[in-house]
Structures are given as C-alpha cells and as structure tokens.
Amino acid sequence: MADLEILHFEQLKTEVQAQYLKNHTPSHDDISKWKGIDIIYFQEDLRKVAKGNISEKSFYTYFKNKPITKVPRIDMLNLLSIYAGYASWYDFKKNHLFADEILKETDEETEFIPEETDEIEEISIDAAITEKSFVKEEIKSDIQISNSDNQNVSDKSIYLETYDTSEQKPLKKSLKNFILGITTGVAAIIAMIFLWQSKIFDTTYSYCFYDADRNAPIQNMLEIKVFKENESPLYYRIKPGECFHYTTKDESLRMLISSPLHENVEVNRSLENAPQEENIELKPDDYKMAVDYFSKKSILGNPEESSLLIKQKRRELENRISDQAVIYQVFDSDIYGIETLDKQKYISLVTTPTTSLKNLSVIEMKTDKGKIISIKFKITEDDENP
C-alpha cells in the first residue's frame, strides 16, 4: 500500500509540474532542478491557485530529494491535488488507479487517522490489564505470606518470652536518624557556602544596543565576540531588540560587536567600578542601510506606481552594489544550504513583487570603497509544513 502511495505521489508531482509550466517559464522544465527564485514563483502561484503554501524545506524534501521513502502529510497532498485540478488527494488517486488497485470509498474518511493509533491504544490497555492483574496477584501473595509469618511468630512467641528486644531496636533507629540528620545538615551548609561565594564573586552586566541616529533598539541580529586572556574568544548571537547579559568574575571586559547594517564597535571596560547596566550606540553604515532598505522596499500598488518603484529600486541597487559582489542566499533545507547569486540575479530577485520579500533578512554585508562587495541573506518561511 505504501509503495502505491509513493507511485501516486510521483504521478501528482508530474501533473503539478505540467500545471505550472502552462503559464510560467522556470530555469528548468524538470521540477527537481528548481531552486531559488523558481521556488519563490511556484509558491506564489500555489497561494494564488490553491489558497495555500508549502515551505521551502518541504519542497526540497519531497521534490528534490530522490528517491523519496514516504509521502507528505495529507494536507499537503490535498493542496497539491487542488493545484493540479482535482478536488482532493482521494479524487486524484481515484482518477489514476493502477491495474488491480481497489480504492475503497472509506479511504477518504480514514486518510487523516494514523494507522498506529488503534494499535498503540490496544497495547496500552492490555499492558494496564496485565499490570493490574500482576499487582493483585502480588498483594494476594504478600497477604498470604504475612499471615503465615504472623502465625509462625505467634507460635514461637511461647519460647521467646524471656528475650525482650523492644528497647534495643528504637535505640539503633534513633542513632541512625541522628547520623543521617548530621550528614544532611553539613551538606546543606556546604551548599550554602558555595552559593554565597558565587554571589559575592560573580557579577552580571547587561548591555543594550541602540542605533546612534535613530535612538532606537537595534532591530537586526548582532554577533558579540568576548576576548579572554589566554583563552579562545567566546561568541554570542543576540536577537533583534534584546540585550546582552554577561556574568563574570573578571576585572575587565573586551568585546567586539558586529552588526550586518552598522559599523563594528570594540568595547573595553574596567569592571571594578563599572555600572551593571549600560546602553551602547552603534553607528549605522549608510550604504548597508540603503541596500537593505531598497531590497525590502514594497513595490505593490497600481501598475504605473509599481513600474516607477521598480526602476527606482534597480537604479539604487545598481549604484550601490559592486559588479564583482559575492552574494549568498541561505536556506533552511539540509539538502541545499547556500546558493550563490551574481549582482543581476539578486537585483531581479528583490525587484520582483512577491510577498516573500517582506521576510528577507540580511545576515551579513560588507563594503569596500563605498560599494557593497558581499551580501549574505535569508528569506524565512511563513508556513511550516512538514
């Protein structure tokens, strides 16, 4: 059954490819060779036709990874079937039956129910019944043994009346509890001493980062490199808008703060009398800021306004990016991690009016002599389908 599902899915991919090629001209006719901007255009068409989306990770998993060993989740199968012109995944399979294949009418109702559920529940119930029976047997056995022991002790008590141990047992138990209490108390005191010492010698310093021109928190990822004497540097990544908290016993702090859109800043602090909270200003790099702004600038609107905005974006990006610039797009997919683009491909990508551009974020940008020579960026996904 699983092999038939995979064969049906391969048929569906072929029809999805054919449907897209009716109105579009990607870099390759074969859908397994699409990447970058081809995938973005396909996602746009999928949203428009089927009112849904699949993530870039899912595309690489099920369209570029060969051979596949399992089919996607049913909601993705239904979405792709609708795009190909069918009512659902069940409707698609019904129209592509293999020889001797029987598609039950009840399959449509049970497609969403995992096959393992009932089996797991039955095993759990049987295990619970078995465990309950075992506990009952054990309790019954213990009661029988206990009664037998009581009977034996009762019988033997006639011969042991002259030996009274009632005072010796409590004495041993009290001594054992006393030693245990002393040991626990000593361990608690040692733990408190260590905690007290750490609070005295460790101090936490907080650094928040602001744009020097706008006096607002930095809204992009920061990288911080802390230098320690006779040790390798420590690296930290700070999320947009968050502060950096650093705990240390050292008397000084040296760190390098890097931002994709600001100038790098090296900070040196003597911590003997330093405040525990401090704001640090980063000076924006105008060229980096401009390229980031024009890369993400919306160009949606009426056709005349959109045409003017596209020309403006292309002109600004042409002027600010070097012809020899090295540009990388980073993907979440494990199969295809990084794609290299030249200047013109990058400009074409960011001047195409798609909704994906609102999720473009710059990871790293470098300048030289007033020109952008390196860009590393990522387009995050709105929908996370497996």
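**Exercise 1. Place R47 on the burial scale and describe its salt bridge.**

Solution. Start with accessibility. R47 has 24% relative accessibility and counts as partly exposed. The scale runs as follows: buried is under 20% relative accessible area, exposed is over 50%, and partly exposed is in between (1.4 Å probe, protein chains only). Areas come from the Shrake-Rupley method with a 1.4 Å probe, and for residues only the protein chains shown count as cover.

Next, the partner. The side chain of R47 meets that of E44 in a salt bridge, 2.8 Å from N to O. Such a bridge needs a side-chain nitrogen of Lys or Arg within 4 Å of a carboxyl oxygen of Asp or Glu.

Last, the spacing. E44 and R47 are three residues apart in helix α2 (residues 37–50), so about one helical turn separates them. Helices (H or I, at least four residues) and strands (E, at least two) are DSSP runs, numbered from the N terminus.

Two notes on the model. It is predicted: local features need pLDDT of at least 70, side-chain atom pairs count only at pLDDT 80 or more, and totals for chains, interfaces and linings use all residues. Residues are numbered from 1 along each chain as its sequence is written, and side-chain values use heavy atoms, with hydrogens and water left out.

**Exercise 2. Analyse the salt bridges of K13 and R320.**

Solution. Take K13. Its partner is E10, with the closest N and O atoms 3.5 Å apart. Both sit in helix α1 (residues 2–21), three residues apart, so about one helical turn lies between them. K13 is buried at a relative accessible area of 6%. E10 is partly exposed at 33%.

Now take R320. It bridges to E316, the closest N and O atoms being 3.3 Å apart. The two residues lie in helix α10 (residues 303–320), four residues apart, or about one turn. R320 is partly exposed, with 23% relative accessibility. Elsewhere, salt bridges with shared partners join E318, D323 and K343 into one network.

Then step back. The whole structure holds 12 salt bridges.

**Exercise 3. Which residues form the patch of negative charge on the surface?**

Solution. The patch gathers D213, E263, E281 and D286. Apply the rule. Patch residues have over 30% relative accessible area and no salt bridge; like charges are joined within 9 Å, and nonpolar side chains (Val, Leu, Ile, Met, Phe, Trp, Tyr) within 5 Å. Lys and Arg count as positive, Asp and Glu as negative; His and the chain ends are not counted. The place of a charge is NZ of Lys, CZ of Arg, CG of Asp or CD of Glu. Then locate E281: it belongs to strand β7 (residues 277–282).

**Exercise 4. Describe the backbone and setting of K51 and K369.**

Solution. Recall the background. Most residues other than glycine have a negative phi. K51 has a positive phi, near 60°. It sits in the loop between α2 and α3 (56–64). At 70% relative accessibility, K51 is exposed.

Repeat for K369. Phi is again positive, near 55°. K369 lies in the loop between β10 (360–368) and β11 (371–379). With 81% relative accessibility, K369 is exposed.

**Exercise 5. Trace the packing around Q329 and α3.**

Solution. Q329 belongs to strand β8 (residues 321–330). It is buried, at 3% relative accessibility. T340 is 11 residues away in sequence, yet 6.4 Å away in space, C-alpha to C-alpha. Contact means heavy atoms within 4.5 Å. Not counting residues up to four places away in sequence, Q329 touches residues including G36, E56, I338 and F377.

E56 leads to α3. There, E56, S58, F59, Y60, Y62 and F63 are buried. The buried residues of α3 pack against α1, α2, α4 (74–83) and β8.

**Exercise 6. Is V267 buried or exposed, and which residues does it contact?**

Solution. V267 is buried, at 5% relative accessibility. It lies in strand β6 (residues 265–270). Leaving aside neighbours within four places in sequence, V267 contacts L253, R254, M255, I257 and I280. V267 and M255 are 12 residues apart in sequence and 5.3 Å apart in space, C-alpha to C-alpha.

**Exercise 7. Summarise the whole protein.**

Solution. Count elements: 11 helices and 11 strands. Check burial: 32% of the 386 residues are buried. Check contact range: among contacts between residues at least 6 apart in sequence, 57% join residues at least 24 apart. Finish with the surface: about 25300 Å² is exposed, and carbon and sulfur atoms supply 53% of it.
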